[in-house]
Amino acid sequence: MAFASSYELAFGYADSGLTWADYLGKQPARTPEWAEAGGGRRAPGTVPFLPDTPSMAAVYSFGYTHASVNGKPVEKGGLDFYYKGPGSLLLADGDRLTGSSWLSGGGLEVEYCAIYCIDTAGEAVYLGYTLANDFSDAGLRTAHRNLANLSKLHPSVLSSEVILGDLPASSQVSASIERDGAVAWQRTGTLGRQAMIYPRRLLERLLLGPRNIFQPGMIVYLLLGTSISSHKDGFELRDADSITIQDHGAGLALRNDFFN
């Protein structure tokens with residue numbers, strides 16, 4: 001069979017019980033971007049595995065999962081959790097990033113996003129990971145800590161390419177913001193299993209372990225926490241800023257212009 005979308009591919013894989021290599025190898029026909037079992041390449045400007053009905057996708061995030069943020073150590077035990085919104089809030093590389101009309105201080109965080117599909121039995125099946133910008137209203141969160149969950153209801157940006165495998169042991173990432181033709185802020189950090197205090201499998205059990213929360217066919221995007229934060233440096237995004245994020249190990253990248 002030929003797949004009309006990467007979402008159909010994901011749902012079929014979730015029910016197959018196979019590895020990605022075996023599953024793709026059994027398909028007599030498939031779209032060119034999924035020709036290699038080692039990774040899935042999508043056209044720029046597309047969100048991997050996003051259903052045609054955005055309400056069939058949801059975005060969540062954990063925080064304080066990494067040993068350090070902006071080079072400063074994080075105390076274990078500060079783990080937090082947020083709902084980031086439905087699939088309609090997801091953006092891709094090259095898309096225009098815009099906050100809500102009530103945005104008080106935009107900030108970015110460089111993260112990996114683990115992606116899951118709920119199979120017909122209601123079990124979450126891990127699909128792979130990609131690079132993400134966990135964008136939020138950091139100004140609101142600072143001014144009103146009790147509204148921290150509200151501050152996260154903003155777009156998340158994902159790379160159009162997904163890696164069909166486990167997180168790397170370690171990968172160097174970088175982020176920069178260009179303003180008026182010059183670099184106004186930049187940081188480097190590390191993502192991957194060795195950089196995390198709380199591993200991916202623990203985080204997925206916390207969110208996806210309970211039954212009957214997600215209906216079969218849903219795609220769940222789980223942001224795994226950051227090692228780079230513009231807000232932690234006291235830097236706020238301004239209109240017409242250009243954001244570049246790179247994963248130098250996996251070759252994933254994001255570039256988005258911010259307008260508010």
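**Entry 1: the cavity**

I started with the largest cavity, and I noted that its lining is made up of Ile118, Gly122, Ala124, Leu208, Pro210, Asn212, Ile213 and Phe214. I keep in mind throughout that this is a predicted model. When I sorted the lining residues of this cavity by kind, I found six nonpolar, two polar and no charged. Its volume comes to about 30 Å³, and my count of cavities of 30 Å³ or more came to one. I wrote a reminder to myself about the method: rolling a probe the size of a water molecule over the atoms shows where empty space is left.

**Entry 2: the pocket**

Next I looked up the largest pocket, which holds about 290 Å³ of space. Which residues lie nearest its centre? I found Tyr64, Asp80, Glu109, Arg141 and Lys232 there, out of a lining of 19 residues. I then asked which strands and helices supply at least two residues of that lining, and I listed β2 (57-63), β5 (80-86), β8 (109-118), α3 (138-143) and β15 (219-229). By kind, the lining of the pocket divides into four nonpolar, seven polar and eight charged residues.

**Entry 3: serine 136**

Arg141 came up again when I turned to serine 136, a residue placed in strand β10, which covers residues 136-137. Is serine 136 buried or exposed? I recorded it as buried, because its relative accessible area is 1%. The side chain of serine 136 makes a polar contact of 3.0 Å with the side chain of arginine 141, and arginine 141 is one of the residues nearest the centre of the largest pocket. Setting aside neighbours within four places in sequence, I listed the contacts of serine 136 as Leu103, Gly105, Gly106, Gly107, Arg141, Ser151, Lys152 and His154.

**Entry 4: threonine 142**

I moved on to threonine 142, which is found in helix α3. I put threonine 142 down as exposed, because its relative accessibility is 53% and the cut-off for that word is over 50%. Its side chain is joined to the side chain of histidine 231 by a polar contact of 3.0 Å. I also checked threonine 142 against glycine 105, and I found the two 37 residues apart in sequence and 9.2 Å apart in space, taken from C-alpha to C-alpha.

**Entry 5: threonine 244**

For another threonine I chose threonine 244, which lies in strand β16, residues 242-247. I marked threonine 244 as buried, because its relative accessibility is 18% and buried means under 20%. The side chains of threonine 244 and arginine 255 are joined by a polar contact of 2.6 Å. Apart from neighbours within four places in sequence, threonine 244 is in contact with Ser174, Ala175, Ser176, Leu254 and Arg255.

**Entry 6: the cysteines**

Last, I searched the whole structure for disulfides, and the search gave zero. Why is cysteine 113 without such a bond? The closest cysteine sulfur to its own is that of cysteine 117, and I noted that the 14 Å between them is too far for a bond. Looking from the other side, I found that cysteine 117 has its closest cysteine sulfur in cysteine 113, at 14 Å, so a bond is again ruled out by distance. The cut-off I needed for this reasoning is that the two sulfur atoms must be within 2.5 Å. I also entered cysteine 113 as buried, at 0% relative accessibility, and cysteine 117 as buried, at 0%.

Key
Residues are numbered from 1 along each chain as its sequence is written. This is a predicted model: local features need pLDDT of at least 70, side-chain atom pairs count only at pLDDT 80 or more; totals for chains, interfaces and linings use all residues. Side-chain values use heavy atoms; hydrogens and water are left out. Helices (H or I, at least four residues) and strands (E, at least two) are DSSP runs, numbered from the N terminus. Buried means under 20% relative accessible area, exposed over 50%, partly exposed in between (1.4 Å probe, protein chains only). A polar contact is a pair of N or O atoms within 3.5 Å; within protein, one must be able to donate a hydrogen and the other to accept it, and residues adjacent in sequence count only if both atoms are side-chain atoms. Contact means heavy atoms within 4.5 Å. On a 1 Å grid over the protein atoms alone, a cavity is a set of points where a 1.4 Å probe fits but cannot get out, and a pocket is an open set with protein on both sides within 12 Å along at least five of seven lines; lining residues have an atom within 4 Å of a point. Grid points are joined across faces, edges and corners, and a volume is the space filled by probe spheres set on the points. Ala, Val, Leu, Ile, Met, Phe, Trp, Tyr, Cys and Pro count as nonpolar, Asp, Glu, Lys and Arg as charged, and the others, Gly among them, as polar.
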